[in-house]
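Student: I've got a model open and I'd like to go through the labels people put on it. Can we take them one at a time and check each against its cut-off?

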Amino acid sequence: MRWSVWFIALLPAMLLLGIFVLLLSAKIAGPMNIPASRPAIFYDSRGQFIGKWDTTNRRWTDIEKMAPSIKLATLAVEDRRFFQHHGFDFRRIAQSALIDMRSFTKAQGASTITMQYAKNLFLTNDKTWLRKFSEMFYTVRLEMNESKKDILEGYLNTIYYGHGAYGIESAAKVYFNKKAEDLSLAQSSMLAGIPNGPSLYSPFLHYDQAKKRQKVVLDTMVKSGFLTKKRAEIAYHAPLQLTHSDIQKTEEAPYFQDAVRQELTDDLHISRKELASGGIKVYTTLDSETQKTAEYWVKYAIPDTSSIQTALIALDPKTGGIVAMVGGRDYQSSPYNRAMNAKRSPGSAFKPFLYYAALRNGFTPATRLKSAPTEFTFDHGHSDYAPNNFGGYYANKPITMEQALALSDNIFAVKTHLAIGMEKLVNAARKAGITSPLAPIPSLALGSKPVSVLELARGYATLANEGARIKPALITRVVDGKGHILYEWQPDRKQVLNRQTSFVLSQMMTGIFDTKLNGYTKVTGGPVAGLLTHKVAAKTGSTSTDSWMAGFTPDLVAAVWVGYDKGETITTSPDTGYAKTIWSHFIESALEGTPKNRFKPPKGVVSVSIDPKSGLRASKACPGRSTYFVKGTEPTTYCGDSKKKTADQRKENKAHRSILDRLFHWWK
């Protein structure tokens, strides 16, 4: 109790002492040295220049040459007491603290314009006590050595407005093809709301959200006494005259470079000051030639008249280095990175994780189940599920698991999923590297849960690595202006799946291009099989709104998604084939000059020829296809040799049938 009383008594003195030390330090430090422009340079994996931190879409303009409406709108929504405080708005801080305590959140912000300007110039985004103290220190220095006019001018010239536009002059040009001094009240109120969330409040990307934010800005201007309600209402309904102009594209791989910028600040915690002026060199995993190949085939495959979107990720499965990234068809019209940020249902492209789980739980590539319309009951008989095969095609007879994967048979997949236990698929996908929410439900076998393109590529890389999971990477090394290494990449690789099973699955996945596997039936990769000269493992996937193709060799993984941003139904035949066209052309071009087959079976794997009709070993009477098995699981009976079976073999087959009968007792 005595110590508590002393602490409370001394607290005001301690606070005053802290403020005195802060002010004295800022005074001694003297005037601010606003960073000069020596932006970080980005290089590809071969050391070739690809871009820089500053995208050059930055224009400085005097505050006198800015429209009064943009200054008032910014002050109202960001810091209405800017001219009354000395860097810290203690009234606002107290109000924010009360609101946060009532809601048990940290939703309310209390940063002033000076604090934001200091952070943008000198600090990182990490949330530590040291950074907060540094922010206070730089804020005091700015307030002591710069006029309010200069601080506001600096803020408006450095804040990010989205689409590569830094500063109000660039933003006015990008959104309205105007100078900052010519902005209307409607346009100013729209722009002032964007920095709070440049991607969320971009009128190009999310017009409705941007209008809601504009309304907030106008209402705040009214509350601040800058506008009448009538003028605010007129401004809200006034035409904005949006134009897409002067959104400058970076030198190369713009989506990739955006991802690098985000990793530098958010993950590596390198300050914006260093990146803007420290002469830093950033070496990346990008392969420029592979990137150009990806961009070329995206442009080639989809006609300019189509509004459909796409995304592509290619990476080195051995290290996790991303060698190519396409986040959309046109960065200038939409910088949103669909390869990393969007999540869509992968459809049958998710099935390899199911069949890995099946191979680990009693199934083999030769296991046969009947493909026919089936209604399943689950959840102890309380729920029904009746999946359909694409196009309404069913074999109406038993097919092997290898055939089912090549045909993308949904009935076989759901039977397998229920037979082994639905948690098995969830566990296998998690181990492979899928981090998005999953659920043990029947439809998960058909890829009903959304994932990102990057996630799927990572999961396939685990299979390409014979079960070794990697962590995708963008940056290999960061060096400061004096040659000191700030960061050096150490590839993260961990064995999480069985090597032999992963290899067997990869060879099953090559079957989607082999029409001999099913004879009279078209496999899902058949339309593009003629484009490939390399042996590749792959899988297609489709839903009503999404089209996928992903695959790999031991040296390269590539995943492609095609669909509409707003989830519109893919109705036309060309739209459903774009993913296959992009993927097959890209993978073949990227592998040019490499060996035709880089798959090498590990120890513990055997290859035998299997008759696809019977699932037995092929013979002269019924030739088959070479198929890999984990040693000890391969069939021992030959096709056409049933009369020579021993009593023990017949007994073993009968027992095997009874197990399957018990497994599938629930289907109607």
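Tutor: Sure. Bear in mind that this is a predicted model. Let's start with two aromatic residues: Tyr175 is buried, and Phe176 is buried too.

Student: What makes Tyr175 and Phe176 an aromatic pair, and why is the pair called tilted?

Tutor: Their ring centres are 6.4 Å apart, and the limit for a pair is 6.5 Å. The planes make 45°; stacked needs under 30 degrees and edge-to-face over 60, so what falls in between is tilted. A search of the whole structure turns up 16 aromatic pairs.

Student: Then why is the pair of Phe353 and Tyr460 called edge-to-face?

Tutor: Here the planes stand at 80°, with the centres 6.0 Å apart, so the pair is edge-to-face; the cut-off for that label is over 60 degrees. Phe353 belongs to helix α14 (residues 351-359) and Tyr460 to helix α18 (residues 453-464), so this pair ties together parts 107 residues apart in sequence. Phe353 and Tyr460 are both buried.

Student: Which residues make up the cluster that includes Phe353 and Tyr460?

Tutor: Ring pairs join Phe350, Phe353, Tyr460, Phe552 and Phe599 into that cluster.

Student: How do you know that Arg477 lies over the face of Tyr283?

Tutor: The distance from the ring centre is 4.6 Å, against a limit of 6 Å, and a charge over a ring must also be within 35 degrees of the ring normal. Arg213 sits over the face of Tyr201 as well, at 5.5 Å from the ring centre.

Student: Arg213 is in a helix contact too, I think. Why are α2 and α9 called roughly perpendicular?

Tutor: Helix α2 (residues 68-78) and helix α9 (residues 207-223) pack at about 90°, their axes 8 Å apart. The label covers 65 to 115 degrees, and α2 and α9 are therefore roughly perpendicular. From α2 come Ser69, Leu72, Ala73, Ala76 and Val77, and they meet Arg213, Val217, Thr220 and Met221 of α9. By type, the residues of this α2 and α9 contact are six nonpolar, two polar and one charged.

Student: What makes α2 roughly perpendicular to α6?

Tutor: The axes of α2 and helix α6 (residues 148-158) cross at roughly 90° and come within 12 Å. That makes α2 roughly perpendicular to α6. On the α2 side the contact uses Lys71, Thr74, Leu75 and Glu78, and on the α6 side Leu152, Tyr155 and Leu156. The split for α2 with α6 is four nonpolar, one polar and two charged.

Student: Is there a general reason for the spacing of contact residues along a helix?

Tutor: An α-helix has 3.6 residues a turn, so residues three or four places apart point the same way.

Student: Back to α2. Why is Ile70 called buried?

Tutor: Ile70 sits in helix α2. Its relative accessible area is 0%, while buried means under 20%, so Ile70 is buried. Leaving out neighbours within four places in sequence, Ile70 touches Ile168, Leu183, Ser188, Leu191 and Ala192. The C-alpha atoms of Ile70 and Gln187 are 8.3 Å apart, with their positions 117 residues apart along the chain.

Student: Gln187, Ser188, Leu191 and Ala192 are among the buried residues of α8. What makes helix α8 mostly covered?

Tutor: Eight of the eight residues in α8 (residues 185-192) are buried. They pack against α2, α7 (168-176), α9 and α10 (229-237).

Student: What is unusual to look at in the loop between α7 and α8?

Tutor: Asn177 is found there, and it has a positive phi of about 55° though it is not a glycine. Another non-glycine with positive phi is Ala253, near 45°, in the loop between α10 and α11 (254-267).

Student: Are Asn177 and Ala253 buried or exposed, or in between?

Tutor: Asn177 has a relative accessible area of 41%, so it is partly exposed; buried would need under 20% and exposed over 50%. Ala253, at 1%, counts as buried.

Student: And for the whole chain, how many residues are there, and what share is buried?

Tutor: There are 668 residues, and 53% of them count as buried. The chain has 22 helices and 18 strands.

Definitions and conventions:
Residues are numbered from 1 along each chain as its sequence is written. This is a predicted model: local features need pLDDT of at least 70, side-chain atom pairs count only at pLDDT 80 or more; totals for chains, interfaces and linings use all residues. Side-chain values use heavy atoms; hydrogens and water are left out. Axes are lines fitted to C-alpha atoms, for helices over the stretch in contact, and angles run from 0 to 180 degrees between N-to-C directions. Helices (H or I, at least four residues) and strands (E, at least two) are DSSP runs, numbered from the N terminus. Angles under 35 degrees count as roughly parallel, over 145 as roughly antiparallel, 65 to 115 as roughly perpendicular and the rest as oblique. Contact means heavy atoms within 4.5 Å. Ala, Val, Leu, Ile, Met, Phe, Trp, Tyr, Cys and Pro count as nonpolar, Asp, Glu, Lys and Arg as charged, and the others, Gly among them, as polar. Buried means under 20% relative accessible area, exposed over 50%, partly exposed in between (1.4 Å probe, protein chains only).
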